[in-house]
Protein chains: 2
Amino acid sequence: MPANRDSAPGAAPDTAPRHSIAVVSRRTGLNQLLLRAWERRYGVVAPGRTDTGRRLYSDLDIERLLLLRRLTAADHRIGDVATGTLDDLRALVAELPPAAAGAARPFPPAGTTPGAKTAAALLDEALVAVAALQPGALESVLERATMHLSRPTLRQELIQPLLQRVGELWRDGSLRIAHEHMASTIVQTFLATANANQVPATGSPLLVVASPSRNRHELGALLAASLGLDLGWEVLYLGADMPAEEIALAVDIRGARAVFLSLIYPPGDAVVAAQIELLRRLVGPQVGILAGGGSAPSYATTLADIDARLAMAPDDFAGALNELLS
Amino acid sequence: MPANRDSAPGAAPDTAPRHSIAVVSRRTGLNQLLLRAWERRYGVVAPGRTDTGRRLYSDLDIERLLLLRRLTAADHRIGDVATGTLDDLRALVAELPPAAAGAARPFPPAGTTPGAKTAAALLDEALVAVAALQPGALESVLERATMHLSRPTLRQELIQPLLQRVGELWRDGSLRIAHEHMASTIVQTFLATANANQVPATGSPLLVVASPSRNRHELGALLAASLGLDLGWEVLYLGADMPAEEIALAVDIRGARAVFLSLIYPPGDAVVAAQIELLRRLVGPQVGILAGGGSAPSYATTLADIDARLAMAPDDFAGALNELLS
DNA sequence: AGAGTTTTGTATAGATGTTGTCCAGTTGAA
DNA sequence: TTCAACTGGACAACATCTATACAAAACTCT
């Protein structure tokens, strides 16, 4: 942060009151009621006021509130930490256990969201958004889904069925390529963002996710990455079109414990099979190799030869990863 | 000073009053009633007048209005931000939440970050993260960059040089495919997420972004989408591998005003040229067609034939989009 | 362990403040 | 004429304010 230029002409930007309560609520994830309650009860911040009495928060107020949100999410009591100085709060946050550091409370309880949605209802909404070529609407469905569904439910009852239905509708002519591309792009970005936001604890074992062949979409691999994160692994995502040498290099540089290969296309190809065998030779016997994706079964014998594990369902995948740690 | 903003190329000063309220309304997506109300109530802008009292807005007025539109879309209240200087507004916009709502973010503003603020310093950090195959570190650099750099600077002085440097280092053997893929994946997700979070006002004109050929990466197209959003357009992003019929379908369904074609590979291909011509026939003469990307110049004659505009630099692109609305 | 107390997040009601849109009437431009 | 733009007043929808209330969770103390 910039050094304080005290006594210099011109207002200090960090303390200038300029954010309305709506902005602060959005940026901190704290609901407006709670912002007012904390201020009234503990004097957590002292925002300025407009002429007509509306609150105006400064950047420093926002930082303070963000720190408090993290502390309360980590089971500190608001009454205990409310009056600390900014430095006190930063120090407390710094000594938080890393597990709690990334996973704060689910973000926006802010707006009054209408009643709980089922995965099936959300799926319908998503399909409508795809048919109308409205990427924003699709994003909004996915975003809402994260509030109502657990991560496994989200994967298994919304994202996978959605992609499957879009694929079916495309093949039978009800949807066009444009629809399919739009849906894939949005879902892919959504998954990648969700994965990036899930920070694993330090010291987590590392899983490399890649595909040896050239796939149009990388969604299966991203779903595997998401699952790996849920199981407590750190994930290095390399994507499609990765030669075995490159995968092995990444395993080596980062000291990975396992590799997941997404095998979508083509099925039963000799070049791909050779790449799989080469990968095993390059990484040595210590590293676990898992494989999944539509055409993984067609490589079953190759995979068995190199002591790789076929993981077609989430449970297989979880089981295989857990075995590697025991 | 950088001073290299994405403004229109014309030598005329930005302050010359020359746009009617109708043009400004189309270009900003703000309805005329609202433009007048903001001016009357808050003095948001002070456009010149013709002899008979019609408003004439300058380019700077338009920029100011676009910034205000983004801020109000992000829950800022017009009354709070109306009187800020242009720089204040730019600073506020740069602060807008960069990550997707719906998930807790890694914590940005704590004092832990030393003052790496310039684009060059951030670029160095980013290259280190890429070389170490640390996607999380690269994400964190990009996220911090959104706080310190304006969007055009971010595009032109961080993201584009980063991709270029990675490409160079890959070709000369210093980096491997794995590095290049990792960097592309992260940057792509970052851009797509940033774009998704920038919500255009209702009534904004629509730009379709697509590529007729099969590109490994879609980064150029995503950069174009980002630029379009900054200029106040709504963007429908379709991605690569799009037949002309599909692009035309999307234009038709959503009533788009313009199409941006990203032409990366292959250069001078007859099939691609035919697709470009077909696109013009399908969408009719009303829809603007722009083209950019590495191999766009190799299609210059085809593009000229169908009255499409070659947009290789941000300024060309901005100029072409603005012309369509005048 | 269990009863009582405190803490804490959320809810409601009623009173303003704020803001996008609309209307009526007028004037210049095509 | 017909259309676009101008002004100033009006208004409904929504945001935000204060104050009080309440239930669940956490804590205290026997």
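Is B:Arg257 buried, partly exposed or exposed? In this predicted model, B:Arg257 counts as partly exposed, because its relative accessibility is 29%, and a residue is called buried under 20% and exposed over 50%. The residue lies in the loop between helix 11 (244–254) and strand 5 of chain B. Leaving aside residues up to four places away in sequence, B:Arg257 touches B:Pro205, B:Leu206, B:Trp233, B:Gln286, B:Val287, B:Gly288, B:Leu324 and B:Leu325. With one of these neighbours there is also a polar approach, in that the side chain of B:Arg257 reaches the backbone oxygen of B:Leu324 at 2.5 Å. B:Arg214, by comparison, is separated from B:Arg257 by 43 residues in sequence and by 24 Å in space, taken from C-alpha to C-alpha.

Another arginine of chain B has a different label for its accessibility: B:Arg155 counts as buried, because its relative accessibility is 5%, where the cut-off for that label is under 20%. B:Arg155 belongs to helix 8 of chain B, which covers residues 151–171. Its side chain makes a polar contact with the side chain of B:Ser226 at 2.8 Å, and the side chain of B:Arg155 also makes a polar contact with that of B:Asp230, at 3.1 Å.

From the arginines we turn to the aromatic rings. Over all chains, the structure holds two aromatic pairs. In chain A, the ring centres of A:Phe260 and A:Phe317 are 5.3 Å apart and the ring planes stand at 75 degrees, so the pair is edge-to-face, the label given to planes over 60 degrees apart. Because A:Phe260 lies in strand 5 (residues 258–262) of chain A and A:Phe317 in helix 15 (residues 314–325) of chain A, the pair ties together parts that are 57 residues apart in sequence. Both A:Phe260 and A:Phe317 are buried.

In chain B, B:Phe260 and B:Phe317 form an edge-to-face aromatic pair, with 5.3 Å from centre to centre and 80 degrees between the planes. This pair links distant parts of the chain, with B:Phe260 in strand 5 (residues 258–262) of chain B and B:Phe317 in helix 14 (residues 314–325) of chain B, 57 residues apart. B:Phe260 and B:Phe317 are both buried.

The remaining part of the picture is the protein surface near DNA strand D. Of the 21 residues around this strand, those that come nearest are A:Arg36, A:Arg55, A:Arg77, B:Arg36 and B:Arg55. On the DNA side, sugar and phosphate account for 83% of the atoms of DNA strand D that come within 4 Å of the protein. Several side chains can be followed to the phosphates individually. An N or O atom in the side chain of A:Arg36 is 2.3 Å from a phosphate oxygen of DNA strand D, while in chain B a polar side-chain atom of B:Arg36 lies 2.2 Å from a phosphate oxygen of that strand. For B:Gln32, the distance between an N or O atom of the side chain and a phosphate oxygen of DNA strand D is 3.1 Å.

Two or more residues of this surface are given by each of helix 1 (21–28) and helix 2 (32–42) of chain A, together with helix 1 (21–28) and helix 2 (32–42) of chain B. Helix 2 of chain B gives the most, with four residues. Sorted by class, the surface near DNA strand D has 13 charged, four polar and four nonpolar residues.

Conventions. Residues numbered from 1 in each chain as written. Chains lettered and ligands numbered in written order. Predicted model: local features only at pLDDT ≥ 70, side-chain atom pairs only at ≥ 80, totals over all residues. Heavy atoms only, no water. Buried < 20%, exposed > 50% of the residue type's maximum accessible area, 1.4 Å probe, protein only. Polar contact = N/O pair within 3.5 Å; in protein donor to acceptor, adjacent residues only side chain to side chain. Phe/Tyr/Trp six-rings, centres within 6.5 Å; stacked < 30°, edge-to-face > 60°. Near = heavy atom within 4 Å. Nonpolar A, V, L, I, M, F, W, Y, C, P; charged D, E, K, R; others polar. Contact = heavy atoms within 4.5 Å.
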